[in-house]
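Reader: I have a chain on my bench and would love to talk through its fold with you. Could you show me the model so that we can start?

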Amino acid sequence: MHPLVLLALLQVGTVGAQHAAPLRQHPTTCYEVFVRSFYDSNGDGIGDLRGLTQKLDYISGLGADCVWLMPVAESPSYHGYDVTDYNRIEPDYGTNDDFKAFVAAAHQHGIRVLVDLVLNHTSSQHPWFQEALQDTASPHRSWYRWSKTPGNNWHKSPVRDEYYFGLFWSGMPDLNYENPAVLEEMKRVARFWLDSMQVDGFRLDAVRHLVEVGNEFSNTPATHQVLRDFGQYVRSIAPPPRSYTIGEVWDNTDVILTYYPDQLDAYFAFPISEALMEAVRTRKVGGLLPTVEQFARAEPAWRWAPFQRNHDQTRTMTALGNDTAGAKLAATILLTLPGVPFVYYGEEIGMTGDKPDERLRTPMQWSASSRGFTSGKPWESLQSDTLTANVAAEDGRPGSLLNLYRKLTHLRATNGALREGRLEPIESGNESVLAYMRVQDSSAVLVLVNLGGTAASAPAPSSLVGSLPAPAVGVQLQVGWRDLLARGNPRRRSLPVLAPRRAYVYELSEVVTTKRTNR
Ligand SMILES: [Ca+2]
Ligand SMILES: [Ca+2]
């Protein structure tokens, strides 16, 4: 028996094991939640923190060890991205004490909590802005940007003949980071959430737009400097794993990579999201793996986050034209690639949703009617597909999208190669067959995805050899595989013909080596 065999056998994952409570150094899988739409505990039709707390078993059962809450600070808008008080929980969602109780319960579930922090702008109703608007001598006057002349993104003051800068909307005046007091205040805000609210980090909104220089609104050197300063501050008061910061830089890969190594901990890998969705939609592998490799070459996997969709994008099921098989392929790819995958709530049950934004953020479909979400009238109507795409219906169905997500996230949490292994792309020789391996030490997981509509051959064994854990010199290698997605994890010696629109995840189960013989 080759030593690799023993090692591989010893490292067989404990699939289906309970989620471990202690926090890992970095998140494994993160779940994005819009609190307003998750679960309503008091019948007012609005999801809230007590409701979210009641659903922690569900999130934990989904295999997530991290949640990102879209903004929970006080705000006049339904989405919360325009904050009026950074130190107070939005009353629709509950109280600061409700939030602390939620965090404590999340930690008991082994789930870390990241909150959305909006540094770029406040609400126009924030007291700072109101003071600055009314009183040109206010100390908060220079926390915003003013002009005597109009221009793109400059909005007319309702008080006097002048304009203020707001990149996204007149209701969201940009903060002026040229005044150091602004960053100092935001550091105080970060400390408040880390110390008093006990969060584990932040998702930082729209960070590429933080500091404008002249007419340059994105990716300026001053923006990098603010992030460097902010990221270092957070790490200094809450060293990892006590904190994790992840930024939204919605841009191409080359630009995203300029935000490393010394700014935030991580960034969303928007280009991977695009390439992944494109591959499933067009049924061609396209540029997906090269895009992943570009991130993987540049930074360790805990520092970038692939995802399918977020709260600003057409949901997967809608983008794929209600193709459940395609949604399963996308999930399998996302959850077997390196990086820290983020899953937007409802994607795991195949919820639909398209613009306008409110319809991307509809109430979670717990059951066939809105009663699963609230006993009252939902703040926004549910998607009509709640009749079929809902947790109750999918929960007990072994082949459901929900149970595939659960299986894959638990595999990822328990299998070292899937969680931390390096990516080894495999040349499949077929533009519709995506093939790669995740390799860590002597363990390896092979992922084969037939994106196409016709059966396809698996890659030839010879094309895999170079990616396998190195065999001893002078031996012939024969491998066995355990099917991680099939019940009972059956073993096989050869790879199957790949059925149309099917994904396969195999763990290297044994390496049989024989001395090469001369004929
Ligand atoms: Ca409520
Ligand atoms: Ca800005």
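Reader: Thanks! What percentage of the contacts in the protein chain with a separation of 6 or more comes from residues 24 or more positions apart?

Author: Happy to help, and please keep in mind that this is a predicted model. Among contacts in the protein chain with a separation of 6 or more, the share that comes from residues 24 or more positions apart is 66%.

Reader: How many helices and strands does the protein chain have, and what is its radius of gyration?

Author: The protein chain contains 16 helices and 19 strands. For 519 residues the globule rule gives 24 Å, and the chain comes close to that, so it is as compact as a globular protein of that length. Its radius of gyration is 24 Å.

Reader: What share of the 519 residues is buried, and what does the C-alpha trace span along its principal axes?

Author: Buried residues account for 49% of the 519 in the protein chain. Along the principal axes, the C-alpha trace spans about 95 × 50 × 40 Å.

Reader: Now a single helix, please. Where on helix α10 do the buried residues lie: on one face or all around?

Author: In α10, which covers residues 288-298, the buried residues are L288, L289, T291, V292 and F295. Viewed down the helix axis, these buried residues fall within an arc of 160°, so what they line is one face of the helix.

Reader: Which residues are exposed on the other side of α10, and what covers its buried residues?

Author: The cover over the buried residues of α10 includes the helices α8 (253-257) and α9 (270-282), along with the strands β12 (304-305), β14 (422-425) and β15 (433-440). On the other side of α10, the exposed residues are P290 and R297.

Reader: Are helices α6 and α7 roughly parallel or roughly antiparallel to each other?

Author: The axes of α6 (residues 180-196) and α7 (residues 221-237) come within 10 Å and cross at roughly 30°. The crossing is right-handed. Where they meet, α6 brings L183, M186, K187, A190, R191 and L194, while α7 brings V226, D229, F230, Y233, V234 and I237. An angle under 35 degrees counts as roughly parallel, and therefore α6 and α7 are roughly parallel.

Reader: M70 caught my eye in a loop. Is M70 buried or exposed?

Author: M70 sits in the loop between β2 (66-69) and β3 (73-74). Leaving out residues up to four places away in sequence, M70 touches V33, F34, V35, G80, D116 and H311. A residue needs 20 or more C-beta neighbours within 10 Å to count as buried; M70 has 23 inside 10 Å, so M70 is buried.

Reader: How far apart in space are M70 and R203, C-alpha to C-alpha?

Author: In sequence, M70 and R203 are 133 residues apart. In space, C-alpha to C-alpha, their separation is 8.4 Å.

Reader: Let's turn to the backbone. Which residues does the cis peptide bond with omega of about 5° join just before β10?

Author: One partner, P241, belongs to the loop between α7 and β10 (244-247). With omega about 5°, this cis peptide bond joins P240 and P241.

Reader: And is A206, with its positive phi, buried or exposed?

Author: A206 is not a glycine, yet its phi is near 50°. The residue lies in the loop between β9 (201-204) and α7. Because A206 has 20 C-beta neighbours inside 10 Å, A206 counts as buried.

Key:
Residues numbered from 1 in each chain as written. Chains lettered and ligands numbered in written order. Predicted model: local features only at pLDDT ≥ 70, side-chain atom pairs only at ≥ 80, totals over all residues. Helix = DSSP H or I, 4+ residues; strand = E, 2+ residues; numbered from the N terminus. Rg over C-alpha atoms; globule rule 2.2 N^0.38 Å. Buried ≥ 20, exposed ≤ 12 C-beta atoms within 10 Å, placed from the backbone. Contact = placed C-beta atoms within 7 Å. Arc of directions from axis to C-beta. Axes fitted to C-alpha atoms, helices over the stretch in contact; angles between N-to-C directions. Parallel < 35°, antiparallel > 145°, perpendicular 65-115°, else oblique. Left-handed = near helix turned anticlockwise from the far one by under 90°.
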